[in-house]
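Visitor: I am new to this structure and should be grateful for a close look at a single part of it. Please describe that part together with its surroundings.

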Amino acid sequence: MLSWKKSLLLIALLLASGSAWSELVIRVTQGNDKPTIIAVSPIALNGIQIEEDIGRIIEGDLTRSGLFSAMPRRDMLAFPATAIDVYFRDWRILGTEYLVVGSLIAIDDGSYQLDFSLLSVTGQKAVFEHSVRGTKVQMRDLAHLMSDKIYQEITGIRGAFSTRIAYVTANRVKGKFIYRLNVSDTDGAREKLMLESREPIMSPSWSPNGKDLAYVSFETGRPAIFRQNLVTAERQQLTNFSGLNGAPSWSPDGEKLALVLSKDGNPEIYMLDLASNRFTRLTRHFAIDTEPTWMPDGKHLLFTSDRGGSPQIYKLNVVSKKVQRLTFRGNYNARASLAPDGRTLALVHRGTDVFHIASFDLITGRLIELTETRLDESPTVAPNGAMLIYATKQGDRGVLAAVSLDAGVRYVLPARSGDVREPAWSPFLR
Amino acid sequence: MKNSKKFALTAVLLSLLVGCSTAPTDDTTVIEDTTVQTVQADTTIEDAAAAAGSVFYFDFDKAVLKVESRAALLAHSSALMASPRSVRLEGHADERGTREYNMALGERRANAVKEFMVLQGVSSGLIEVISYGEERAASYGSNDSAWEMNRRVELK
């Protein structure tokens, strides 16, 4: 058994790391059949030196959503920076439907302002004009904010490009694994190391305000649940029971964690009140009860149980403790992740012989397989409900992949080396 | 418990046989031989446990001990009763299905082994159970033969 001190443990100082650090690369494998064609004119920098290419970041965001196709820069006849520089006819001939122009200017207090416009080429007018401000290290934030604004204007859906993902990587070095818990932008950039250990790290869960992560770490030689602040890196061990300490899930009000303990002999769902440190047992069954996730009302949990003979999704009322089985099709339905509509579940579903991610409608009971890969697990839905990220395998390597909830759009995010797994999509962060 | 007696009996019989073959001329010689054989009997139990293998395999999503695991577990149980020491049962699952469910499955498998050993008479206080789920594969492929190797409990 490894002692606290012996286990290699490293909490990263949360310095913004450059994209060169990033372990994830992204390839879009399937887009929308009729994507909206958008041109992002390079942002005029007015002599300001910055590392990032803001226009490219926006193109990447919009393309990754699958709903847009970005016009290559080499096809552009001009690089206008403001609406008055635009000759709409040129862009219409190129088949562009929307055009983004923008300009960065310095403000005296050391921050910068990005003025940008979304133009409708067919309508020959500005759809909106907007400004965002930030310091030099926040250029990626500004780009993602622009993407959010553009995406929302055209699709009517709130953009989630300013959110983040947490995930676990595992690299084998001289026969031994090194596990890392990371947080990055949704495009894989600005990866931050939260925890490094020679023992497994599992099941990251975001607090609803996006400031903390709860997760399982084996660094003490056994599984234990920790919480860690993303800004200060300060961490706290929350559980230390014999047996399983797993599957933490933060309640919508941020005050409680649902989790799994087997201290009473077999895995049961518990609720931990974070202020009082009091545990309440919610399930009472000799079967496996695990993978709790909260419903938006904060009064119900969904969880996986094999009490019916195979793993299926159940709904639990945390007050009455009444349990109701939800899934019946297939002999393996597990690890539910709820979309923000409160009605669509993403889950791991065993089809004939392979494990896919499926969507399950809580009202109609309809189950649709979304993925075509195998060994798929850990679905996590974006806070705007447009996409979900899951873990799968490419050859013998663990990779992350994304699919839209209508299955029309797909992309993969393999790590540069080793395995990547256990994705958790953050809530909206502002 | 029963099993340990069986081992002890075998040892005594062996000692008698050995005793006969050495053709003792008087009582003293026989007593010496028995003493020697008692030591050998202990060694035999531990040898049997050591030779038995300490990894026990399971079917997919199952925690039922296989018939072929029984003999080895009986040997280990006898050895632990003869010379008690703390052991650790590490439960594992293959990579299919979800990680937290597999954590629970690994624990269920390790508990199945523990229950069997406790039924044989091993003190439950000597047995620590931990599950690694699918986090520590024994074989890294994504195929039936690798999965078979990974659905296991290791006695350590």
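Guide: The domain assignment divides chain A into domain 1 (31–155) and domain 2 (164–425); such bounds come from an automatic or database domain assignment. This is a predicted model, in which local features need pLDDT of at least 70 and side-chain atom pairs count only at pLDDT 80 or more, while totals for chains, interfaces and linings use all residues. Residues are numbered from 1 along each chain as its sequence is written, and chains are lettered from A and ligands numbered from 1 in the order in which they are written.

The C-alpha centres of the two domains of chain A are 35 Å apart. Nine residues of domain 1 of chain A nevertheless make contact with nine residues of domain 2 of chain A, contact being taken as C-beta atoms, placed from the backbone, within 7 Å of each other. On the side of domain 1 of chain A that touches domain 2 of chain A, H1 and helix H3 (139–155) of chain A each supply at least two residues. H1(A) gives the most to that side, with three residues, and H1(A) is the part to examine closely. By class, the residues of this side of domain 1 of chain A comprise no nonpolar, six polar and three charged. Here Ala, Val, Leu, Ile, Met, Phe, Trp, Tyr, Cys and Pro count as nonpolar, Asp, Glu, Lys and Arg as charged, and the others, Gly among them, as polar.

Helices (H or I, at least four residues) and strands (E, at least two) are DSSP runs, numbered from the N terminus. Helix H1 of chain A covers residues 54–64, and nine of its eleven residues are buried, so the helix is largely enclosed by the rest of the structure. A residue is called buried if 20 or more other C-beta atoms lie within 10 Å of its own, exposed if 12 or fewer, and partly exposed in between, with C-beta atoms placed from the backbone. Among the buried residues of H1(A) are A:Ile54, A:Ile57, A:Ile58 and A:Leu62, and A:Glu59, A:Asp61 and A:Arg64 are also included. Just after H1(A), A:Gly66 has a positive phi of about 80°.

The nonpolar cores complete the picture. A nonpolar core is a set of buried Ala, Val, Leu, Ile, Met, Phe, Trp, Tyr and Cys residues joined through C-beta atoms within 7 Å. In the largest, of 101 residues, A:Leu259, A:Leu347 and A:Leu388 touch the most other members. Helix H4 (residues 99–120) of chain B contributes the largest share of this core, eight residues. A:Ile58 belongs to a second, separate core of 33 residues, which also includes A:Val86, A:Trp91 and A:Tyr98.

Methods
Two residues are in contact if their C-beta atoms, placed from the backbone, lie within 7 Å.
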